[in-house]
Each structure stands twice: as C-alpha cells, then as structure tokens.
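Colleague: Mind if I quiz you on how you back up the words you use for a structure? I'd like to see the reasoning spelled out.

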Amino acid sequence: MAPAGVLKSYSRATGGRDRQDEEGRAHGRRRHALPTHNCVSVWLSHSQSAHLREVHVHVHGAEISTVEVSPQQLQPEPRSDRWEEAESPQLTRRTTAGGRNIFTERPEAQYHDGSGEHRTDGSSRLTDTCSSMGSIAEYYAGKSVLITGATGFMGKVLVEKLLRSCPEVKALYVLVRPKAGQSMQQRVSDMMKSKLFDRVREDNPDFHEKIVPISSEMMQPSLAISPEDVEKLTACINVIFHCAATIRFDEQLKHALQLNVLGTQQLLSLAQQMHHLEAFIHVSTAYANCNRKHIDEVIYPPPVEPKKLIESLEWMDDSIVRDITPRLIGDRPNTYTYTKALAEYVVQQEQDKLNIGIIRPSIVGASWQEPFPGWIDNFNGPSGVFIAAGKGILRTMRANNDAVADLIPVDVVINLTLAAGWYTAVHKPKTALVYNCTTGGINPFHWGEIGTYTHTHTHTHRKQETGSCSHHFYFLLLLYLHHHHHHHHKSIIHCCDRPSCPCVCVCVCLPPSAGRRWKME
Ligand SMILES: CCCCCCCCCCCCCCCCCCCC(=O)SCCNC(=O)CCNC(=O)[C@H](O)C(C)(C)COP(=O)(O)OP(=O)(O)OC[C@H]1O[C@@H](n2cnc3c(N)ncnc32)[C@H](O)[C@@H]1OP(=O)(O)O
Ligand SMILES: NC(=O)C1=CN([C@@H]2O[C@H](COP(=O)(O)OP(=O)(O)OC[C@H]3O[C@@H](n4cnc5c(N)ncnc54)[C@H](OP(=O)(O)O)[C@@H]3O)[C@@H](O)[C@H]2O)C=CC1
C-alpha cells in the first residue's frame with residue numbers, strides 16, 4: 001500500500017463534497033505527489049487563478065510530457081501530438097536523425113515501488129526494461145491491436161489517436177456488431193468518414209486499410225467470433241484494449257452482467273489463446289468502487305463471487321431478478337457500477353497469465369485538445385445537462401455547487417490508456433496495475449465553478465464573434481442544494497421564456513434590461 005495521504009488525495013474519485021482539503025485547496029501553483037505504485041500517470045496541476053494549467057504525463061514519477069495551458073485557453077489551439085516533449089530529471093533524451101526524441105532512463109533514477117518506498121536500486125525489475133523502452137509510438141510500431149467498443153465514444157478516440165500518433169502501428173482489429181440496420185462494415189466506414197478522423201485522413205488518406213473489422217456480439221458465447229477470425233486474432237494480436245460495456249445506469253442486472261462481466265470473461269479467455277499478446281488493458285470506471293470513501297489504485301474484493309452470481313441468476317425469471325437487484329447491488333447506486341466492480345475482479349483473476357492494466361476514468365467529457373478541442377458525440381453524464389443549459393432549456397436544478405465535478409477530457413484518458421498499454425507490455429507487471437484517471441483529488445473543480453467559467457467564456461466568445469458586449473443570456477443554470485430554493489426558482493424562470501418584467505429579471509439574477517434581449521436558440 002502506498003502512503004495514505006498522497007494516495008487518498010490523488011485517487012479519490014467520487015463526486016460530492018469531500019475531503020480534498022486534507023492537503024488544502026491549491027494555493028498558488030502546487031504539485032501533488034503521484035501515487036506510488038503506478039508508473040504511468042497523467043495528472044493536472046493548477047494555480048488559484050486558473051482552473052487548469054498543466055497536464056503531465058509521468059513514467060515512474062518522471063515527467064515525459066507537459067502541456068501548459070494559459071487561463072485564457074479555454075479553447076486552446078491544437079498542439080503537437082508528440083508525446084516526447086519534455087526533458088525530465090529521470091530520463092535522458094536522444095534525438096534521432098528523423099527528429100524523433102527517444103527517452104531512456106538515467107541509471108540513478110529513483111523509483112517508487114508498490115510499498116511506497118523510494119528506490120534507487122538499479123536492479124529493480126522495472127529498470128531492466130526501462131533502458132530499452134524507447135517511446136510509446138515506437139512500441140506500437142508493427143503491432144497488431146485489438147479494440148472492443150471501437151464504435152463507442154472512447155473507442156473512437158482511441159482508434160483515432162493510435163492511427164495519428166502511432167503511424168507505424170500495423171493493424172487495428174475492431175470487434176463490431178451490426179446495429180440499427182447497418183452492417184458492421186458500413187458502421188466502421190461511416191465512423192472513418194467522421195470529422196473526428198479528419199486529421200488522420202489528412203496525414204494518411206489510406207488509413208482505413210489498417211482497420212480490420214471483426215464481427216462480434218459480446219453477449220454471445222465465444223463473443224460470436226467466427227473460427228477463422230479467432231485463428232486470425234490468436235495468431236497476430238499484441239495488445240488488447242477492452243472498452244466495450246453497457247454504460248446505462250438503469251440497465252437490467254442480467255444484461256449488465258452478461259456484457260460487462262461475462263463478455264469480459266470471454267475476452268480474457270480469447271486473450272489467453274493469443275500467441276503474441278503483450279498487454280491486456282481493461283477500461284473500468286472510477287465509480288466501480290463509489291461505495292468507498294477513498295479509492296486506492298487496487299482491486300477491491302468483489303461484493304459477490306461473479307461466477308456464483310451468474311449461475312444463480314441464470315435460472316431466475318427476469319421479474320425476480322428485478323426485485324432482488326436493489327438487495328444485490330447494496331450500497332452501489334446502479335447495476336453499471338456494480339457490474340464494473342465485478343469485471344475488475346474477473347480481470348484480476350487472470351493476472352498470473354496475462355500482463356494487465358486497468359484504467360479507471362471518472363466522468364469522461366469532451367476532448368481538451370486532440371484531435372481538436374471540444375469533440376464529443378453523446379449526451380452522457382453531465383454533457384446532456386450542459387447542452388440543455390446551453391440551449392436555454394434548463395435553468396435551474398438541484399445540485400451542490402461545492403461538489404467536485406470529477407470531469408476528465410477524453411483525450412487525456414486515451415493518452416493514459418495508450419501509455420498504460422505500452423507500459424504494461426514493456427514491464428510485464430506481476431500483478432494488474434490500476435490507474436485512477438481522475439481530477440477530483442489533485443485538481444478539484446466544482447460544479448458551481450462551471451457556471452462561472454461558462455458564463456465568462458460565452459461572453460468573451462460572443463464579444464469576439466460580434467464585437468459587442470451585449471448581455472445575451474444563452475447560458476444560465478443555477479444550482480440549488482435545497483429543494484424549495486430550486487422549486488421557487490423553477491417556478492419563476494422556467495415559466496417565463498422571455499422575462500420581460502425587470503423585477504423577474506432581478507429575481508433570477510439577470511440585469512433588469514435582459515428581458516428585452518432574452519433570446520433562445
Ligand atoms: C452551469 C453549471 C452547470 C453545472 C452542471 C451541473 C450538472 C450536474 C450534473 C451532474 C451529472 C453527474 C453525472 C454523473 C455521471 C457519473 C458518470 C460516471 C461515468 C461513467 O462511468 S459511464 C458514463 C455515464 N453513463 C451515462 O451517462 C449513461 C446514461 N444513460 C442512461 O442511463 C439511459 O440511457 C437513460 C438516460 C436512463 C435513458 O434511458 P431510456 O429512457 O430507456 O431511453 P433510451 O436508452 O431508450 O434512449 C432513448 C433515446 O435517447 C437516446 N439516448 C439515450 N441516452 C443517450 C445519451 N446519453 N446520449 C445520446 N443519446 C442518448 C437513445 O439513443 C435513444 O434514441 P433512439 O434514436 O435510439 O430512440
Ligand atoms: N463515458 C464515460 O464517462 C466513462 C466510460 N467509462 C468506461 O469506458 C468504456 C467506454 O465507454 P464509452 O465509450 O463512454 O461507452 P459507449 O456507450 O459510447 O460505447 C460502448 C461500446 O461498447 C459496445 N458494445 C455495447 N454492447 C455491445 C455488445 N453487446 N457487443 C459488442 N459491443 C458492444 C458499443 O458498440 P455499439 O456501437 O455496437 O453499441 C460501443 O462501441 C466503458 O467500459 C465504460 O464503462 C468509464 C468511465 C467514464
């Protein structure tokens with residue numbers, strides 16, 4: 001176990017008002033220690049005046065990449081996608097003839113091991129491989145990668161990033177099912193035509209040749225992959241990224257178990273047949289253990305033995321399962337978090353046979369920078385709320401302004417996921433490594449602050465667009481903790497689309513003249 005103070009602060013991923021101030025809110029610029037037993041981490045640091053200043057990618061506590069963001073850069077310019085940008089005290093850089101930076105470790109570099117001890121021991125099992133690890137892109141060169149959930153929000157970004165930043169990757173095998181009357185091929189082809197892939201297309205118009213769709217339905221026995229495809233996959237796959245899941249909070253327990261737990265189990269079985277597999281990366285969620293106050297980067301014992309649960313639910317009528325679901329999920333809020341916790345355990349069971357990494361993102365939001373700022377294709381989590389508020393439909397809701405909004409941009413999550421794939425393959429950890437990919441512990445940002453930033457940003461943006469400072473209130477969402485405050489506000493503002501009376505405007509925190517200019521789009 002790592003030292004409690006540090007890890008608790010970093011790993012806490014649950015929303016809600018919490019104890020982030022054990023280490024104090026950030027006063028001026030500060031850096032927080034990293035969790036100790038993981039070696040690839042992405043973390044954010046900030047100053048009091050800016051909510052997001054830097055993203056750091058660390059390997060073994062050594063920084064391999066830093067991105068600076070000025071407070072004004074709420075819509076930053078696209079930046080270099082190269083991962084090897086920063087000098088670090090623990091890595092030496094050599095630049096190849098082609099201009100590529102290659103980082104190798106200094107022999108005296110310090111390590112943290114799983115017990116939280118600093119190590120200077122050059123004979124550590126981790127150092128052996130570090131000196132030959134090269135860069136992440138170099139690792140993926142010539143590799144064949146299998147991706148589940150490639151048609152989903154995170155899977156798409158993973159596919160895009162691999163193709164763009166690891167151009168030498170050999171092939172991406174994506175498990176896809178036909179859906180909504182579209183064949184598997186049609187779905188993949190549509191995906192590749194989307195704006196998300198514009199930059200990849202620019203770099204390599206033939207990028208589609210690297211994507212190999214494999215027909216699969218993850219709820220079916222053996223994932224419904226044909227014997228020919230199984231043979232193909234077992235012969236060539238080097239790395240697996242498992243993103244597929246049902247992320248519905250209200251999923252029927254049987255369905256969620258079948259996909260999130262049994263589907264994962266079947267993929268692990270397939271993985272074991274692979275002759276050249278180097279890493280299995282499972283995408284979990286920071287909320288898998290949301291019933292705990294502190295979430296360390298460890299896999300907790302499951303609430304129930306998954307195999308037994310699946311066996312006992314098999315014979316039960318759906319209505320009985322529905323009735324007993326609340327008892328089964330206990331102090332977890334939904335079947336999603338419950339089954340994701342079981343899946344982690346199922347993955348852990350294979351750690352003796354496979355090199356495993358588990359990524360636990362918190363609430364994944366729109367891209368921060370890559371492939372361009374602000375990309376998102378769903379209304380999940382709070383995104384639906386932002387859209388409704390941005391459209392002026394939603395203006396009040398019950399929520400705690402001071403609760404931590406543990407948002408994390410999708411590109412940051414994907415960068416970590418790929419870095420973890422590389423790290424896992426190169427270091428072959430003896431036990432599954434867990435990576436909490438969250439912001440709440442080290443760079444807490446609160447729901448209430450979103451209103452402030454959004455308002456300022458909308459105002460600036462509008463001014464840039466129109467050259468005018470006019471107060472058009474497109475975005476006004478007030479959060480109330482108390483039921484009656486929320487209802488009071490709702491009855492005023494939700495009942496009048498155009499508050500023409502100055503008194504109403506004042507009541508709902510608009511300037512008295514706003515009524516005349518209120519405009520809905
Ligand atoms: C100014 C201040 C701003 C401050 C804002 C403060 C906001 C506070 C908000 C706090 C929110 C906190 C959220 C916490 C989230 C924790 C997240 C944890 C992260 C994760 O680990 S996983 C990702 C989270 N998962 C989800 O978000 C899934 C949620 N969705 C569902 O559970 C169900 O879909 C839902 C919403 C219950 C709807 O079910 P149902 O009524 O059965 O409807 P259907 O599923 O049949 O869908 C009907 C129709 O709608 C489309 N649909 C549904 N959901 C989405 C979606 N998320 N995005 C896009 N489209 C969606 C669906 O496709 C159907 O369309 P058809 O055309 O097929 O009919
Ligand atoms: N979004 C978030 O905020 C967070 C997500 N996560 C985790 O990240 C992972 C990816 O999530 P996200 O991309 O947001 O989810 P999406 O719902 O966008 O994508 C889910 C993917 O799983 C596939 N899938 C679902 N059911 C099946 C099935 N029966 N057979 C084959 N494939 C199937 C979907 O395919 P299809 O297109 O055919 O439906 C889709 O590609 C999940 O494991 C989730 O738990 C973790 C934390 C936060």
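Modeller: Sure, here is a short chat about labels and the values behind them, and keep in mind that this is a predicted model.

Colleague: Let's begin with D318. Why is D318 called partly exposed?

Modeller: D318 has a relative accessibility of 46%. Buried means under 20% and exposed means over 50%, with partly exposed in between, so 46% puts D318 in the partly exposed class.

Colleague: And where does D318 sit?

Modeller: D318 belongs to helix α10, which covers residues 318-329. Along the sequence D318 is 66 residues from Q252, and in space their C-alpha atoms are 8.7 Å apart.

Colleague: Next, helix α8. How do you know that its length agrees with what a helix of 21 residues should span?

Modeller: The rule is 1.5 Å times one less than the number of residues. For the 21 residues of α8 (residues 253-273) that gives 30 Å, and the end C-alpha atoms are 29 Å apart, so the two agree.

Colleague: Where does α8 bend?

Modeller: At L262, by about 30°.

Colleague: Which residues of α8 are buried?

Modeller: The list includes L253, A256, N260, G263, T264 and L270. Each one is called buried because its relative accessible area is under 20%.

Colleague: Now ligand 2. What makes the R187 pair with ligand 2 a polar contact?

Modeller: A polar side-chain atom of R187 is 2.5 Å from an oxygen atom of ligand 2. The cut-off for a pair of N or O atoms is 3.5 Å, so the R187 pair qualifies. E217 brings a polar side-chain atom to 2.6 Å from a nitrogen atom of ligand 2, and Y336 has one 2.6 Å from an oxygen atom of ligand 2. Taken alone, ligand 2 exposes 890 Å², and the protein buries 89% of that.

Colleague: What surrounds ligand 2, then?

Modeller: There are 25 residues around it, and T151, R187, E217, Y336 and K340 are the closest. By class, the shell has 14 nonpolar, 6 polar and 5 charged residues. Helices α4 (153-165) and α11 (335-348) each give at least two residues to this shell.

Colleague: How about ligand 1: what makes its pair with F249 a polar contact?

Modeller: An oxygen atom of ligand 1 is 3.0 Å from a polar backbone atom of F249. That is within 3.5 Å, so the pair counts. Ligand 1 taken alone exposes 1400 Å², of which the protein buries 57%.

Conventions. Residues numbered from 1 in each chain as written. Chains lettered and ligands numbered in written order. Predicted model: local features only at pLDDT ≥ 70, side-chain atom pairs only at ≥ 80, totals over all residues. Heavy atoms only, no water. Polar contact = N/O pair within 3.5 Å; in protein donor to acceptor, adjacent residues only side chain to side chain. Areas by Shrake-Rupley, 256 points an atom, 1.4 Å probe, with all protein chains shown as cover. Helix = DSSP H or I, 4+ residues; strand = E, 2+ residues; numbered from the N terminus. Bend = angle between axes of the 7 residues up to and from the residue. Buried < 20%, exposed > 50% of the residue type's maximum accessible area, 1.4 Å probe, protein only. Near = heavy atom within 4 Å. Nonpolar A, V, L, I, M, F, W, Y, C, P; charged D, E, K, R; others polar.
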